[in-house]
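Opening the notebook on this one. I want to go through it piece by piece and jot down what I look up.

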Amino acid sequence: MSEALQLLWTDYTLRNVAAGTAVLGAVSGALGCFAVLRRRSLLGDAVSHAALPGIVLAWLLTGSKAAPVLVAGAGITGWLGAAAVSALARRERIREDTALALVLSVFFGAGLMLLTVVQGRPDASQAGLDTFLFGQAAALVERDVLTMGAVGGVAVLVLALFWKEFKLLSFDADAAAVAGYPVKLLDHLLTLLLVVAVVVGLQAVGVVLMSSLLIAPAAAARQWTNRLGRMVVLAAVIGAMSGALGAAVSGLAPGIPTGPAVVLAATAAFVVSLLFSPSRGLVSRRLRAAARDRRLRSEGDAS
Amino acid sequence: MNDDVVKNRHTETSTVHPATDAAVSVHDLTVAYREQPVLWDVDLDIPSGVLAAIVGPNGAGKTTLLKSLLDLVPSVSGRIRFHGEPFRARRRDVAYVPQRGSVDWDFPTTVADVVTMGTYRRLGWLRRPGHTEHEAAMTALRRVGMADLATRQISELSGGQQQRVFLARALVQDASVYIMDEPFQGVDATTERTIIELLKELRGEGRTVLVVHHDLQTVPDYFDWVALLNVRLVAAGPVREVFTQENLRLAYGGRVGFAGTKEPTSGPDKDPTSSYMGRIRP
């Protein structure tokens, strides 16, 4: 373990990978809290899958495989996916889960089709586009990490600026509307931040697994605190640690892909939190219930 | 019998100002959900400084009426005025207490924080609540008898306590019109007493309080003004004049005090509202 930590600092490639996955873990952890609290956990999944056609289209249109170009394409179709979900769900006869499932599969299907078509081309210029399916953290270079940090930093800054508005919107949207806040605009802004969190992580974790990094750290953090501010900070920390840990594991044991390792680390944090958090954890709740039953039984005997 | 209160439509043009002493004035309001009318041609003038109840069977459109007053649901037609002005011009004078069940009480926040949310709009963008806002929240919590629970996580509250938190959040807004959706729903006796005393205090301060209410027994004790609603407005006015067996029968379809799903007794007058009886509103 300590050997792994040392490697994180000394090995240039590994340091970049770990820094990149830590940044994306922190950003998606913080922004994912709002998705979880607003019961929109699956929106992140729809957005990340909807990003795939954007990646391929961006390459088809520009011929460039530069990360910013592909990620911009991903952001555009990801955002379109989110817009499609809310447009469909506004129709009263289509429920939100239906809209989510529909958008996810249609956009992802279109992305896979495009990918298959371009891979059938005789030249190899498209090579590497498919790494966005599961991510390729090992390919992260310093510039990627800086870009991820800058983009994610702006998203977190926006979150901080509109903190009380987002909190009110998430807790009681009607109250926000009555108070005169532009609720739809705020809702779009929060969705946009979710899209940003997704595209920040695409390169390293890929479209298929990205949504779990939005959900797992937030769900884990919720177990430990009853304050929104602490939950967001904690989710960011859990996300960052999962990112670094996943990178270290895959660096130590070659053959283990980074993206899935990061996702498993975040999921492990969630499982531990679910079981062992002092107030909400399953174990402590079971123990409290057992203690209560014992007390009631002994009181019953005494009477 | 209440033609004077209920209907003077079709004679007014949109340029005519409603009575200026009306705190809330509703003119020709029709709201439809899908193809079904939920509110049909409602005219209502609620005088300033009254404690008013809106009663009617399930599916009568009571919540919808409140939400249309607050621009939360779109209306097919109608004009709504608060002290003679549209809602968007009078936002700060209007406080809303939604149904308790409309939010997730497992949201990670505290009692004091929820109450502080009532100060956000006054604060404006980018500014954070500070000492003044916290003090205002504590004052409101003291008024509803919840000051000692200020740091409590909201999921640990009883139904009555949740209701009082919502009430405190409305109190910090220092509004002139209070609009409340079933504040007595599922609360304990202590909370019910606290709330009604508070509502009477608000009226004593010259504010107008508009409450969707379910318990017909308590209407004469609690309220001085009442509107009976069943998609259409059946009657509205002072409780003494309007809260009659006759009007209740008209509103509830022959089963006074029973807001249920059974068939209403269909009178000879092909009651246009009977088809909406018992519809459960979200």
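**Small sheet, chain B.** I started with strand β1 (residues 22-33) of chain B, which runs antiparallel to β2(B) and is joined to it by eight bridges. I picked out one pair to look at: Leu29(B) stands opposite Val42(B) in β2(B). Then I followed the pairing outwards and got an open sheet of three strands, in the order β2-β1-β4 (chain B), with antiparallel pairing. The edges are β2 (36-47) and β4 (77-82) of chain B; each has a single partner strand, so one side of each has no neighbour in the sheet. I also noted the twist here, which averages 15° from one strand to the next.

This is a predicted model, so I'm keeping that in mind for everything below.

**Helix α2, chain B.** Next I checked what lies over that sheet. α2(B) lies across β1, β2 and β4 of chain B and runs at about 65° to β2(B). I then found helix α2 (residues 62-69) of chain B in another list too: it lies across β3 (51-55), β6, β7 and β8 (225-230) of chain B, at about 145° to β6(B). So noted: α2(B) goes down in my notes under both sets of strands.

**Six-stranded sheet, chain B.** I wrote down the strand order as β5-β6-β7-β3-β8-β9 (chain B), an open sheet of six strands with mixed pairing. Which strands are at the edges? They are β5 and β9 (232-238) of chain B, each of which pairs on one side only. For the twist I have an average of 15° from one strand to the next. I looked at the β9 end as well: helix α11 (residues 245-252) of chain B lies across β8 and β9 of chain B, at about 35° to β8(B).

**Strand β6, chain B.** I spent some time on this strand. Is β6(B) buried or exposed? Five of the five residues of strand β6 (residues 177-181) of chain B are buried, so the rest of the structure largely encloses it. I sorted the side chains by direction: Val177(B), Ile179(B) and Asp181(B) point one way, Tyr178(B) and Met180(B) point the other way, and all are buried. That fits the textbook, since side chains in a regular strand alternate between the two faces of the sheet. I flagged Asp181(B), as it is on the buried list too.

Then the neighbours. On one side, strand β5 (residues 94-97) of chain B pairs with β6(B) in the parallel sense over four bridges. There I located Ala95(B) opposite Tyr178(B), and Val97(B) opposite Met180(B). Strand β7 (residues 208-212) of chain B also runs parallel to β6(B), joined by five bridges. In β7(B), Val211(B) is the bridge partner of Met180(B). I traced the connection too: the chain leaves β6(B), passes through helix α8 (residues 189-204) of chain B and reaches β7(B), in a right-handed β-α-β crossover.

**Gln162(B).** I looked this residue up because it counts as buried, with 21 C-beta neighbours inside 10 Å, where 20 or more is enough. Gln162(B) is in helix α7 (residues 159-171) of chain B. What does Gln162(B) touch, leaving out residues up to four places away in sequence? I got Arg100(B), Trp105(B) and Leu157(B). Trp105(B) is 57 residues from Gln162(B) along the chain, yet their C-alpha atoms are separated by 8.3 Å.

**Chain B overall.** I noted eleven helices and nine strands. Of its 282 residues, 46% count as buried. Among contacts in chain B between residues at least 6 apart in sequence, 68% join residues at least 24 apart.

**Chain A.** I found 14 helices and zero strands here. Of the 303 residues of chain A, 48% count as buried. Residues 24 or more positions apart make up 74% of the chain A contacts with a separation of 6 or more. I checked the radius of gyration: chain A has 21 Å, which agrees with the value near 19 Å for a compact globule of 303 residues. The C-alpha atoms of chain A fill a box of roughly 85 × 55 × 35 Å along the principal axes.

**Where the chains meet.** Last lookup: 17 residues of chain B are in contact with 19 residues of chain A. On the chain B side, I sorted the touching residues into ten nonpolar, three polar and four charged.

Conventions:
Residues are numbered from 1 along each chain as its sequence is written. Chains are lettered from A and ligands numbered from 1 in the order in which they are written. This is a predicted model: local features need pLDDT of at least 70, side-chain atom pairs count only at pLDDT 80 or more; totals for chains, interfaces and linings use all residues. A residue is buried if 20 or more other C-beta atoms lie within 10 Å of its own, exposed if 12 or fewer, and partly exposed in between; C-beta atoms are placed from the backbone. Helices (H or I, at least four residues) and strands (E, at least two) are DSSP runs, numbered from the N terminus. Two strands pair if DSSP finds at least two bridges between them. A crossover is right-handed if, with the strands pointing away from the viewer, the path from the first strand over the helix to the second runs clockwise. Two residues are in contact if their C-beta atoms, placed from the backbone, lie within 7 Å. Ala, Val, Leu, Ile, Met, Phe, Trp, Tyr, Cys and Pro count as nonpolar, Asp, Glu, Lys and Arg as charged, and the others, Gly among them, as polar. Axes are lines fitted to C-alpha atoms, for helices over the stretch in contact, and angles run from 0 to 180 degrees between N-to-C directions. The radius of gyration is taken over C-alpha atoms; the globule rule is 2.2 Å times the number of residues to the power 0.38.
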